Structures are given as C-alpha cells and as structure tokens.
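Visitor: I am new to this structure and would be grateful for a close look at a single part of it. Could you begin with one buried region and then follow its connections outward?

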Amino acid sequence: MKIKVKSPANIAFIKYWGQADHRLTLPCNSSFSMNLSNCSVTVEIEKTQSLSDSRLFIKEYEAVDYIENTTSAYKKTMKFFKTAQDFLGKKAEFGIKVKSSITFPRSAGIASSAAYFSALALGFSKLLEVELDKKQLSILARLSGSGSACRSVPDGFVLWHKGRSSETSFAESLADPDYWQITDLVLILSKTSKKVESAEGHLKADTSPLFAERLYGVEKRLKLMLTAFKHKDLELFGHLVESEALSMHAVMMSQKPNLYYWSTKTFALLRRITALRQKNGLPVYFTIDAGANIHLITERRFLKQIISEFSAFLTISNKSAKGAEVI
Ligand code: PMV
C-alpha cells in the first residue's frame, strides 16, 4: 500500500507569530492565508515490516536524487507519526518509508514545513485508514508543531481560527482558489536555510515589548482585511498585508534573542517595491515570512509588468490553490 499526497505551501496575509499554548500549538491570534499553486511538497508513504524499520528520503529543490535523512527531519516525522496515531486512536504495528520532494527552496520563508506536515497529516490518516473531514485534518496538521500546516489543508483562501482549545483551533476555507486572481510572486533572494526555525522563534515572541501592541492591532487588521477581501479591494488589502508583515518583523527583531530574518537585499527591495507603487502606480505589495525572501502580492493582470521589473531575480509565480490532496 503506497499513499501519495501533494500539499501546498501557504502565504499568510495575517501572520501567526507567538503561541498561547506551546504543547497544543495554539496561536495567540487568528491568521489568514492563501495556498500557493507552484510551491508544494509531495510525499509518498509506504508501510514497512516493523516500526524500527522506518526511513525518510528527501529530494530537495533542484536536486536529482532522494537522500536519506536520519537527523532532525526524520525525528520530527516519526514524532508526528506517533502524534497522528494518538489523535486517530490507532496503533501502528508497522513502520513507514517516507519519500518527500519539494518544488521550492526549503526553510527559506516559503512555508516548507506547512506543506510537508499538512501532506503527512493527510497521508498518515489514509495509511491508518481513518477518514477525517477537513476541520479534523487541519487540527491534526496543527498538532505537528508547525501550526501554519493547518492552513494548507482547506482549499484556496483560508482562515485559521485561533480558538481556545485544541478542538476550536482549526482552519477553514473562506473562498475557493478562483474567487480572486491574487498572485504571489516569490522573489528568491536566498536559497540558504534560516538559522532559527520559526518553531523556536514563536516561543520567545512574548519577550518583545511590541508583542502586546501587535496582538491588539492584529485583530483590527484581520477584520479590515476580511472586508477588503470581500470587496476585492486590492489597495486596502495590499496596504494591510504590508503593515501586518512589518508588525510581525518588528516583534521578531525586538524579541530576545533578536531574530533578523531580512538580508540587506531584502531591505533594498522593500524600498524598490514602494517606489514602484509610488512612481509607476503599480499595485504591488510585499509580505515576508521567516526568511529573507520576498512575496510580491498583486492581481494576475499586473503580473507581466511586475515580472519584467524583477527579471534579474529567480521568481516563482503562484495563484491560489487547492489544499492537501491524495494524488
Ligand atoms: O507554522 P510555523 O511554526 O512554521 O510558523 C509560521 C510562521 C510564519 O510563517 C512566520 C507566519 C505564518 O503565519 O505563516
């Protein structure tokens, strides 16, 4: 029996940063995202004879072959396999062989862990023969520890309700992928993996003197953003997306120890994006996750012009996409 699952990365317009419960990965605020059509992870899972015979093979972005991983990624995968068994109420009498491939650079602020763990959540539930609806599947994905994985389960544009308990902290689709032709053009400025993983950064978010202020502001921004989303008001939407990214990075930079994910290239490009908007009237907005790479947010009709402005960079263009699926 071999299960093959494909799951997208997602880009958060309203970010998740900081946890109300570390053990259950409950966030301090709700967040809102879009699944990415050209940034995804595919996993193939097979049963093996015994649990001690479990193995993980990873094919990185642009690599030709799968390479066996026996370190951190392997340990996290096996830990999540155990979590999935507990959640699903099934004990596996077998081990697993997992093969994972990715269409974009890993650990560079493009939500590779969200794509990976949402794919595993669906894969493990199929392997253990338990049918879950999208809500339950998103809860299982959240329990992987990469909370944003829950947002890669439902289709299109997704809201993660922060909730107050494990049952009430889940993701749901607010609109199908074709609701709005929003495009995320990822500018790959760096392919190197970040030094501090977001899982570690979340734990220290509340050491920032700006964190309480952010939590107050983020609720208001989310409300306003959902109104802009309803009316497909790109200008208001884009400005809120930028404010939100800056608010999260202000917290990251001022928490202890400080987290500086931007590179000098990132900073120079932010200036260029603002100038493009002001001088050329191009409606293009930025957002950045835990990495140096920039996501340019616009509508599809402006994409060609924007790509020509950034032709010197390696880019990945994404529209909104479906969530995790068996292929
Ligand atoms: O889900 P995690 O633990 O990988 O954290 C995601 C954190 C950000 O990407 C920076 C923000 C977000 O909401 O995706």
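Guide: The buried residues of helix 3 (134–142) pack against strand 3 (26–27), helix 1 (72–88), helix 2, strand 8 (157–160) and strand 9 (171–175). The model is predicted: local features need pLDDT of at least 70, side-chain atom pairs count only at pLDDT 80 or more, and totals for chains, interfaces and linings use all residues. Residues are numbered from 1 along each chain as its sequence is written, and side-chain values use heavy atoms, with hydrogens and water left out. Helices (H or I, at least four residues) and strands (E, at least two) are DSSP runs, numbered from the N terminus.

Within helix 3, the residues L137, S138, I139, L140, A141 and R142 are buried; this term means under 20% relative accessible area, while exposed means over 50% and partly exposed lies in between, using a 1.4 Å probe and protein chains only. S138, which belongs to helix 3, has a relative accessible area of 0% and is therefore buried. A polar atom of the S138 side chain lies 3.0 Å from the backbone nitrogen of A171. Such a polar contact is a pair of N or O atoms within 3.5 Å; within protein, one must be able to donate a hydrogen and the other to accept it, and residues adjacent in sequence count only if both atoms are side-chain atoms. Apart from neighbours within four places in sequence, S138 is in contact with C150, V153, F170 and A171, where contact means heavy atoms within 4.5 Å.

Helix 2, one of the elements that helix 3 packs against, deserves attention in its turn. Of its 16 residues, 14 are buried, so helix 2 is largely enclosed by the rest of the structure. Helix 2 covers residues 112–127, and at 1.5 Å a residue it should span 22 Å; its end C-alpha atoms are indeed 22 Å apart. That expected span is 1.5 Å times one less than the number of residues.

After helix 2 comes E129, in the loop between helix 2 and helix 3. The phi of E129 is positive, near 55°, in a residue other than glycine. Most residues other than glycine have a negative phi, and most peptide bonds are trans. E129 has a relative accessible area of 56%, which means that it counts as exposed. Among the contacts of K47, leaving aside neighbours within four places in sequence, are L127 and E129. K47 sits in strand 4 (residues 31–48) and is partly exposed at 34% relative accessibility. K47 and E93 are 46 residues apart along the chain, with their C-alpha atoms separated by 9.6 Å.

A positive phi, of about 50°, also appears at K232, which is not a glycine. K232 lies in the loop between helix 5 (211–230) and helix 6 and is partly exposed, with a relative accessible area of 38%.

Helix 6 (residues 234–254) includes S254, which is buried at a relative accessible area of 16%. A polar atom of the S254 side chain lies 2.6 Å from the backbone oxygen of A250. In the loop between helix 6 and helix 7 (264–280) stands P257, joined to K256 by a cis peptide bond with omega of about -10°.

M248 is also in helix 6 and is buried, with a relative accessible area of 2%. Its contacts, neighbours within four places in sequence aside, include Y16 and D289. These two residues lead to the ligand. Y16 is among the closest of the 13 residues that surround the ligand, along with G147, S148, R151 and H202; a residue is counted here if one of its heavy atoms lies within 4 Å. A polar side-chain atom of D289 is 3.5 Å from an oxygen atom of the ligand. An N or O atom in the side chain of H202 lies 2.9 Å from a ligand oxygen, and a backbone N or O atom of G147 is 3.2 Å from one. Taken alone, the ligand exposes 390 Å², of which the protein buries 95%.

Key
Accessible areas come from the Shrake-Rupley method with a 1.4 Å probe; for residues, only the protein chains shown count as cover.
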